[in-house]
Amino acid sequence: MAQSTETTDWVSRFADEVIEESERRAPGKPVVVASGLSPSGPIHLGNLREVMTPHLVADEIRRRGYQVRHLISWDDYDRYRKVPAGIDGIDESWAEHIGKPLTSVPAPKGSPYPNWAEHFKAAMIESLAELGVEFDGISQTQQYTSGVYREQILHAMKHRQDIDAVLAQYRTKPKPADQKKQQAKQKPVDEAELEAAEGSGAAAEDDGSSGSAGYFPYKPYCGNCEKDLTTVTAYDDDSTELTYSCTACAFSETVRLSEFNRGKLVWKVDWPMRWAYEGVIFEPSGVDHSSPGSSFQVGGQIVGIFGGKQPIGPMYAFVGISGMAKMSSSRGGVPTPADALKIMEPQILRWLYARRKPNQSFKIAFDQEIQRLYDEWDRLDAKVADGSALPADVAAHSRAVRTAAGELPKTARPLPYRTLASVADITAGHEDQALRILSELDPEQPLASLDEARPRYDKAEAWINTHVPADQRTIVRDEPDTELLKSLDDAGRESLRLLLDGLAEHWSLDGLTHLVYGVPKVQAGFSADATPKELPPEIKTAQRSFFALLYHLLVGRDTGPRLPTLLLAVGQERVRRLLGA
């Protein structure tokens, strides 16, 4: 077996296991990894972990020269459960479609897509392309309605008692309502439990229906109203004749299951059936699927009925959003991969998923934290370039910037994100002004075109425009604050004179940084080059006071963008005027 040179990260360790298991189960065949996504609403950044975990492992296996299939099962034949909040183009009239397959529900008004499922799949497919994720998409609507799973369905019905016996081990009687209330008071529900309870798509489906005719792991969609509010009332194994009735519209019919394609296996049977059918070796599952009696654990016993084996499957932890509550599709306003890719480059988003083990939770920053995230990434980039990065960090970086197919497109001149954001903030969409400021950051290597700083500049501008509140935006003063200038004491006026005298000589990002930090040092009798170790603590206090004065005179607030960037943005002439020169 080919060995990876990056043996210190979780991806390589899983790749070793998956290759070994694949060669044992299906020697000579492509390695199969899988993800499942339900397009029941916006597919959010928590769902993306369901894809990125197997993608990273599949990509490592491809790098080693193996053939790999990464399947994404679109669970678009799941029932439509509820009308999600916060989605444009829908209203409560969509409630009439609850119980229908997602592909039978109309798309939101104004959508170019033919149905609900296709509408939400489209955004995810576009994001996965931008992230460099190679996959084979499988529509479960197409699989079921074309009869692909007919043999598996008949097999499940024939072995329904065996399936029922497995499921019966995990069924519990519902607790009385008052007992539930008492338990709720005693034990607060944590975030993971909330997420699991909320669920999406197939995760919360029941395990089949038991009635007077017995247990059945198959649910037809009604031939009249298309809903799954049906009960199987009779089934004959020899003829495959199945009779069902619909509680929604009172429709009833008898069909021959060997010819009937309008229904599906219940989730806890459907998932292990697919493991066996596709020969899946690796598929992760969320916390809600991994608890005792949940679909992944139960599936491990049911898969044998279909002649298959359970995949290697790590449990993955939840993904949070910095400054936002836990993600839940049904609550609306949940950030999607497309939302993240508007404000960060694909490499950064890949890196967030690559650097943490699947069982480690992490947050994705949509607030000010994104600036620190980019600083951290740029430091790592520099360490990788000079050979000082740790092996695990090198591995995560490599997985972020390239796939087995090659490097992802990147920004030619990756200027600091916080600088780009400040410039976008101050210039408010004027690209000529932005280019002027950015070209002055490093006079020895001036930026010739904004395109050199793209797409990072566009991401930073999008973040400023969509995630920074209006009252935190930077508006440079039109006229000097004459009252404040008149009220300054001698030390205040001296500090402004020292700054203004040095402007022309220090007009670059590094130069202005040296100047604004140096003024309070010089005023206190020290060299502008003095290091913090050579200075008394009160110099820091003096620097803070000086910075606050400059912010008040330039933007009328206590704080703002980094002063060197702000000064460059305002321009020498205007700085001199606002500072009373």
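This report describes one internal cavity and one small β-sheet of a predicted model.

**The second largest cavity**

The structure contains 3 cavities of 30 Å³ or more, and the second largest of these has a volume of about 90 Å³. Its lining is drawn from separate parts of the chain, including A34, S35 and G36, L71 and S73, and a group that contains W267, W271, R274, W275 and E278, with V280 and E283 also taking part. Three elements, β1 (31-37), β2 (68-74) and α9 (267-278), each supply at least two residues of this lining, and the largest share, 5 residues, comes from α9. In chemical character, the lining residues of the second largest cavity divide into 6 nonpolar, 3 polar and 3 charged.

**The sheet of β7, β8 and β9**

Strands of a sheet pair through backbone hydrogen bonds, either parallel or antiparallel. Here, an open sheet of 3 strands follows the order β7-β8-β9, and its pairing is antiparallel. The edge strands, each of which pairs on one side only, are β7 and β9, and from one strand to the next the twist averages 25 degrees. Between β7 and β8, which run antiparallel, there are 5 bridges; Y235 has L242 of β8 as its bridge partner.

The residue ranges of the three strands are set out below.

| Strand | Residues |
|---|---|
| β7 | residues 230-235 |
| β8 | residues 241-246 |
| β9 | residues 252-256 |

Terms used:
Residues numbered from 1 in each chain as written. Predicted model: local features only at pLDDT ≥ 70, side-chain atom pairs only at ≥ 80, totals over all residues. Heavy atoms only, no water. 1 Å grid on protein atoms, 1.4 Å probe; cavity = no way out; pocket = protein on both sides within 12 Å on 5 of 7 lines; lining within 4 Å. Points joined across faces, edges and corners; volume = space filled by probe spheres on them. Helix = DSSP H or I, 4+ residues; strand = E, 2+ residues; numbered from the N terminus. Nonpolar A, V, L, I, M, F, W, Y, C, P; charged D, E, K, R; others polar. Pairing = 2+ DSSP bridges. Axes fitted to C-alpha atoms, helices over the stretch in contact; angles between N-to-C directions.
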